[in-house]
Amino acid sequence: MKTTDIENTRKLPYLKQFPDENGYFGKFGGSFVPENVAEAMQDITTAYHLIAQNSDFIAELRKIRKHFQGRPTPIYFAHNLTKKYGGAGIYLKREDLNHTGAHKLNHCMGEGLLAKFMGKKKLIAETGAGQHGVALATAAAYFGLECEIHMGEVDIAKEYPNVTRMKILGAKVIPVSFGAKTLKEAVDSAFEAYLKDTKNTMYAIGSVVGPHPFPKMVRDFQAVVGFEAKEQFIEITGELPDTVVASVGGGSNAMGIFSGFIDDAVELIAVEPLGKGSKLGEHAASLSYGSEGVMHGFRSIMLQDEKGEPAAVHSIASGLDYPSVGPEHAYLHSIKRTKIATIADEEAISAFFELSRKEGIIPAIESSHALAYALKIAPELKGKKILINLSGRGDKDIDFVVQNYGYGD
Ligand SMILES: *Cc1c(COP(=O)(O)O)cnc(C)c1O
């Protein structure tokens with residue numbers, strides 16, 4: 001690059017620079033799909049670029065966020081935890097207070113609005129634990145669109161309350177009965193259904209993963225979390241946080257909050273699930289233990305078996321149980337802009353009870369991973385401030401936790 005190019009690059013905000021027009025974050029991302037899917041993805045990309053510039057669309061999304069979702073969500077200073085751990089000030093971005101109880105609705109409402117704009121009639125997706133399915137069913141009801149959620153039979157049995165919620169919201173839940181009958185098969189089933197009618201349907205991906213434009217689009221819809229957080233944090237404390245911590249499954253809540261601080265001198269920490277241990281199959285810590293490869297239509301760092309197929313993974317948090325990670329996380333880690341940490345199942349459960357008992361907030365087990373890591377480092381960071389993305393509330397997890405861990409005493 002010529003010096004002038006480098007200077008220009010430096011001046012451009014990160015979010016405008018990445019991804020490039022083909023959906024690449026450095027060497028990660030892109031779109032590795034059959035030709036007919038490539039066409040459908042191109043249509044979505046074109047439509048997204050149109051509406052992202054359109055002031056009516058932006059105004060509509062603002063209105064939805066404020067009056068339907070209840071945004072902005074607050075930032076809360078966890079005064080009891082801060083006192084107990086005796087180090088850094090601990091702050092929570094309360095995505096658990098977003099309508100439906102997690103950050104996922106932020107991108108589902110964006111995807112729903114885009115589908116409406118493109119004249120689609122139906123939203124299709126897969127779901128594992130049912131969180132994405134519930135958020136998408138909510139968006140579909142709001143926009144008057146049909147909704148079809150593919151879900152493995154094993155997950156249907158395990159996550160029955162979410163299946164009930166989706167049905168109450170008017171979605172059609174399609175049981176997937178082949179293979180292991182879990183998330184991977186649900187992805188295949190949903191994709192097949194989508195390919196039968198790409199004209200009238202929109203495949204709504206649930207995180208910053210999949211082929212271009214989804215990693216960019218979902219990040220852009222989630223960035224509201226980081227933009228709000230930056231303004232609120234400065235309003236409350238007069239300065240920026242020193243460290244921002246978020247859990248990473250596919251990576252959407254983390255990219256959301258990181259987006260607000262990516263051009264600032266703020267440390268960004270992505271916390272991966274270490275599950276039961278560091279052997280393949282025991283965890284879902286893709287960035288920590290994975291290698292480069294292509295799956296589900298994009299290039300990233302992933303956990304693969306000997307054949308290069310997605311490996312079996314484990315996390316106590318179903319929302320973090322994914323064998324890869326969004327390409328932007330692979331990139332940001334490769335240039336050392338983010339730091340990666342891991343938290344095991346048991347540590348997340350301790351943090352779950354800690355926040356419940358000390359602050360009166362029951363967190364999602366996913367979010368408890370971020371919290372657990374923050375509590376680990378807080379004592380050493382006297383005079384500093386840590387902001388944690390509390391991605392969701394834990395109501396969905398209470399039966400599971402109590403059955404397996406009692407009341408944590
Ligand atoms: C789905 C989910 C996650 C993980 O997904 P990301 O795309 O990594 O954010 C984290 N927290 C909650 C509450 C979730 O529902």
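A residue counts as buried when its relative accessible area is under 20%. Keep that cut-off handy for the exercises below, and remember that the model is predicted.

**Exercise 1. Work out whether Thr45 is buried or exposed, and find what surrounds it.**

Step 1: place the residue. Thr45 sits in helix α3.

Step 2: apply the cut-off. The relative accessible area of Thr45 is 7%, so Thr45 is buried.

Step 3: look for a polar partner. A polar atom in the Thr45 side chain is 2.8 Å from the backbone oxygen of Met41. In an α-helix, residues three or four places apart point the same way, because there are 3.6 residues a turn.

Step 4: look further along the chain. Once you set aside neighbours within four places in sequence, Thr45 touches His212 and Pro213.

**Exercise 2. Check the span of helix α10 (residues 183-196), then say which of its residues are buried and what they pack against.**

Step 1: do the length check. With 14 residues at 1.5 Å a residue, α10 should span 20 Å. The end C-alpha atoms of α10 are 20 Å apart, so the expectation and the model agree.

Step 2: list the buried positions. In α10 these are Glu185, Ala186, Val187, Ser189, Ala190, Ala193 and Tyr194.

Step 3: find their packing partners. The buried residues of α10 pack against helix α3 (35-52) and the strands β5 (122-126), β6 (146-152), β7 (172-176) and β8 (201-203).

**Exercise 3. Lay out the sheet of 4 strands and place α10 on it.**

Step 1: write down the order. This open sheet runs β7-β6-β5-β8, and its pairing is parallel.

Step 2: pick out the edges. β7 and β8 are the edge strands, each pairing on one side only. From one strand to the next, the twist averages 20°.

Step 3: zoom in on one pair. β5 and β6 are joined by 5 bridges in the parallel sense, and Ala125 stands opposite Ile149 of β6.

Step 4: add the helix. α10 packs on this sheet with contacts to β5, β6, β7 and β8, and its direction makes about 155° with that of β5.

**Exercise 4. Do the layout again for the sheet of 6 strands.**

Step 1: get the order. It goes β3-β4-β14-β9-β10-β13; the sheet is open and the pairing is mixed.

Step 2: explain the edges. β3 (75-77) and β13 (338-344) each have a single partner strand, so one side of each has no neighbour in the sheet. Neighbouring strands here are turned by 25° against each other on average, direction ignored.

Step 3: inspect a pair. β9 (residues 243-247) and β10 (residues 267-275) run parallel and are joined by 5 bridges. Val245 stands opposite Ile269 in β10.

Step 4: add the helices. α15 (residues 345-359) lies across β3, β4 (89-94), β10, β13 and β14 (385-390), at about 90° to β13. α16 (residues 365-377) packs on the sheet too, touching β4, β9, β10, β13 and β14, with its direction at about 170° to that of β14.

**Exercise 5. Find which residues come nearest the ligand, then list polar side-chain atoms that lie by its oxygen atoms.**

Step 1: sort the surroundings. There are 17 residues around the ligand, and Lys104, Ser207, Gly251, Ser252 and Ser391 come nearest.

Step 2: go through the polar distances.
- Ser207: a side-chain N or O atom is 2.6 Å from a ligand oxygen.
- Asn253: a polar side-chain atom is 2.8 Å from an oxygen atom of the ligand.
- His103: a polar side-chain atom lies 3.0 Å from a ligand oxygen.

How values were computed
Residues numbered from 1 in each chain as written. Predicted model: local features only at pLDDT ≥ 70, side-chain atom pairs only at ≥ 80, totals over all residues. Heavy atoms only, no water. Helix = DSSP H or I, 4+ residues; strand = E, 2+ residues; numbered from the N terminus. Expected span 1.5 Å × (residues − 1). Buried < 20%, exposed > 50% of the residue type's maximum accessible area, 1.4 Å probe, protein only. Contact = heavy atoms within 4.5 Å. Pairing = 2+ DSSP bridges. Axes fitted to C-alpha atoms, helices over the stretch in contact; angles between N-to-C directions. Near = heavy atom within 4 Å. Polar contact = N/O pair within 3.5 Å; in protein donor to acceptor, adjacent residues only side chain to side chain.
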